[in-house]
Structure formats: C-alpha cells, structure tokens
Amino acid sequence: MLHVAVAIIKNLNQEVLVALRPPGSHQGNLWEFPGGKLESGETVFPALQREIHEEIGLWVRKAYPFIKIQHDYGDKQVLLDVWQVTEFDGEASGREGQKIQWLPPTGMKYCQFPEANRRIINLLQLPKQMAITPQFEVFSQLSVYLGSFGRPYAQAVQIRQKQLTHDQLLDWTHKSLNILNGCGPRLILNGPFTLEEDLPHEVGLHLTSIELGRLQASVGERSRLVGCSCHSSQELTKAEALGFDYALLSPVAPTGKYPDKSLLGWSGFEELAANVSLPVYALGGMKPSDLRLALARGAAGIAGVGGFVKTAE
C-alpha cells in the first residue's frame with residue numbers, strides 16, 4: 001500500500017489549496033490536495049514538509065493529523081495520511097508546472113477529484129461552530145430557539161434533549177426540519193446509535209461518551225454525519241478506530257459543570273487532539289472569540305451550549 005502525506009492548507013479566507021495532477025500520472029487531470037508518498041524511513045510530518053516545499057514552494061511550520069483514508073483503486077491501494085496545516089511560510093506556486101488554485105470547500109463539487117478524496121471534501125465542510133441546545137420542557141421552546149439561527153453565522157445545532165423517548169426525539173427532529181425548511185444551521189441529533197436507521201438522511205447523529213463506550217462495530221462510511229463526545233485519549237482513539245467523522249473533546253476551559261482540576265486547558269486539548277487522525281472540536285467554556293485560537297491549536301472548531309453561534313471571524 002502506498003503511504004501518502006496529504007496537506008490541507010487554508011488561506012485567510014478559509015479557501016483550500018488544490019493542485020491539478022499531471023495528465024500521464026495515476027488519476028491524471030484530476031484535482032487533488034497537495035502532498036506525496038513517504039520515502040523509506042521517513043515519518044509523516046517531515047514527508048509533508050518536504051513534499052509541500054518541492055511541489056508548492058511553501059514551508060509547513062505546524063500541522064495536525066486530520067484523517068486517515070484507505071482506498072483501493074483496483075490497480076493501486078493508497079493510505080492517505082491527511083494533515084491540517086495551521087502555520088506555513090511562503091507564496092504558493094506550481095513548482096512542477098502544475099495548475100493550482102484556492103477553493104472554498106463548497107466549491108469543490110464543481111471540480112473532479114480522485115475517489116479517495118471524497119471523504120476529505122465532506123469533512124472540510126464540517127461547521128466551525130456547533131451550538132448545543134439546553135434542555136427544553138416543550139417543543140415550542142426549541143422552536144423559538146431555532147428561530148434565532150436565521151443568520152449566516154449559525155452553522156450547526158445539536159439537539160440534545162435527554163428527557164425524550166426515541167419516538168419523541170424523532171418527532172422533534174422532523175418538526176425542527178420543517179421550521180428550518182432547508183435554511184439555517186445543520187441539524188445534529190444527540191442520541192443512541194439505534195436512532196440512525198430512522199433519522200432523515202440530512203440529519204447528523206451524535207453519541208455520548210457512554211454510547212461510544214458501548215459501541216463495538218465501526219460506524220462505517222455513510223451519508224450522514226456521525227460524531228461523539230470524548231473526555232480522554234482512550235475515547236478519542238476508539239472514535240478514530242470506529243470511523244467517526246468528528247469528536248467533541250471536553251472540558252477545555254472552566255464551566256459550571258466542571259471543576260478547574262479536571263480541565264484540559266489548551267495545551268491538554270492540543271496534545272490529545274494531535275494524537276488521533278480525527279477532526280476534534282473544543283468543548284467546555286468556549287466563547288465565539290476562542291475560534292481562532294482553537295483552529296490554531298488544531299481543532300476543527302468549537303462547540304458550546306445555548307446561544308453559542310456567533311463567529312469570531
């Protein structure tokens with residue numbers, strides 16, 4: 001299997017750098033995320049630095065694991081070791097004569113990429129902010145709450161209502177979809193994996209750390225977004241192994257729920273998140289102004305309970 005280091009490099013507009021593969025190469029004339037194969041005895045980060053400098057002319061200063069993808073093309077098997085670059089120097093150019101461009105993740109659907117890149121593209125469209133609902137007694141309270149998301153910076157809302165039954169959760173989810181009517185934030189339902197087969201395809205599913213602990217089989221590749229809550233290195237490792245799309249890691253900063261002694265802090269968050277190839281959100285005491293810091297620490301974004309939606313950008 002060919003081991004390939006792949007870089008996700010973003011500019012200040014959150015556009016991602018892509019390059020066009022040479023016509024005579026494997027998967028030629030398709031767009032790709034820059035990178036290249038590891039040489040004998042080489043580890044991933046040095047390989048990433050070397051390949052990006054050779055191909056694009058950038059010096060990668062800091063990067064974090066993002067996702068690992070194995071794919072069989074029939075004539076070739078690849079392991080894409082994808083890293084999110086958070087610091088780099090230089091100006092991008094096609095040093096091997098290849099075309100390059102900066103693309104927003106939503107614009108990638110108009111370009112042709114190798115099949116193995118599909119999951120990368122999907123994960124690049126993860127929201128940077130996830131609001132988590134407080135507990136509501138009746139649906140009308142959730143309806144009012146969802147009405148406050150009719151602004152462009154509202155990216156995702158996780159419906160977390162532990163008091164509801166299976167059928168009530170599905171009922172509230174369908175009603176929420178009707179309220180949003182295709183506009184506003186992405187909906188994610190917090191509940192057990194048994195809900196998965198009954199959920200509308202456009203609704204994501206989020207498992208608690210307890211549900212993660214019970215799960216033994218991979219969640220596999222599916223059309224819906226599937227995430228989980230984690231509080232330790234062991235839980236993050238299991239989430240990665242079972243194929244989750246993302247994880248929430250907490251507690252990062254002080255909240256009413258967690259005493260100071262249990263906090264990860266940013267250094268603890270960075271250390272744990274850097275040890276898994278999985279998009280990880282910072283949760284616990286997050287404010288909109290923490291978004292830039294979280295991204296610089298390798299986070300996929302930030303999450304919070306209540307009206308936590310406004311972007312720092």
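**View A. Lysine 175 and its salt-bridge partner in helix α4.** At 35% relative accessibility, lysine 175 counts as partly exposed; that label covers the range between buried, under 20% relative accessible area, and exposed, over 50% (1.4 Å probe, protein chains only). This is a predicted model, where local features need pLDDT of at least 70 and side-chain atom pairs count only at pLDDT 80 or more, while totals for chains, interfaces and linings use all residues. Residues are numbered from 1 along each chain as its sequence is written, and side-chain values use heavy atoms, with hydrogens and water left out. Lysine 175 forms a salt bridge with aspartate 171, with 3.2 Å between the closest N and O atoms; the term asks for a side-chain nitrogen of Lys or Arg within 4 Å of a carboxyl oxygen of Asp or Glu. The two residues sit four apart in helix α4, so about one helical turn separates them. Aspartate 171 is partly exposed too, at 34%. Helices here are DSSP runs of H or I with at least four residues, strands are runs of E with at least two, and both are numbered from the N terminus.

**View B. More salt bridges, out of 14 in the structure.** Glu39, Glu42, Arg50, Glu51 and Glu54 are joined into one network by salt bridges that share partners. Aspartate 89 and arginine 61 meet through their side chains at 2.6 Å, N to O. That pair ties together distant parts of the chain, 28 residues apart: aspartate 89 belongs to strand β6 (residues 77-89) and arginine 61 to strand β5 (residues 59-72). Aspartate 89 is partly exposed at 35%, and arginine 61 is partly exposed at 48%. Glutamate 115 pairs with arginine 118, the closest N and O atoms being 3.0 Å apart.

**View C. Helix α3 against helix α4.** The two helices pack at an angle of about 35°, their axes 10 Å apart. Axes are lines fitted to C-alpha atoms, for helices over the stretch in contact, and angles run from 0 to 180 degrees between N-to-C directions. From α3 come Phe139, Leu142, Ser143 and Leu146, and from α4 come Trp172, Lys175, Ser176, Ile179 and Leu180; contact means heavy atoms within 4.5 Å. Helix α3 (residues 139-147) also lies across β8, β9 and β10, running at about 170° to β9.

**View D. The barrel.** Eight strands, β8-β9-β10-β11-β12-β13-β14-β15, make a closed barrel with parallel pairing; two strands pair if DSSP finds at least two bridges between them. On average, neighbouring strands of this sheet are turned by 25° against each other, direction ignored. Zoom in on β11 (residues 204-207) and β12 (residues 226-230), which pair in the parallel sense over three bridges. Histidine 206 has glycine 227 of β12 as its bridge partner.

**View E. Nonpolar cores and leucine 187.** The largest nonpolar core has 49 residues, and Leu142, Leu187, Cys228 and Phe269 are among those with the most contacts inside it. Such a core is a set of buried Ala, Val, Leu, Ile, Met, Phe, Trp, Tyr and Cys residues joined through side-chain atoms within 4.5 Å. Helix α4 (residues 166-180) supplies the largest share of this core, five residues. A second, separate core of 34 residues includes Leu20, Met108, Met130 and Leu283. Leaving aside neighbours within four places in sequence, leucine 187 is in contact with residues including Leu146, Val157, Leu177 and Val203.
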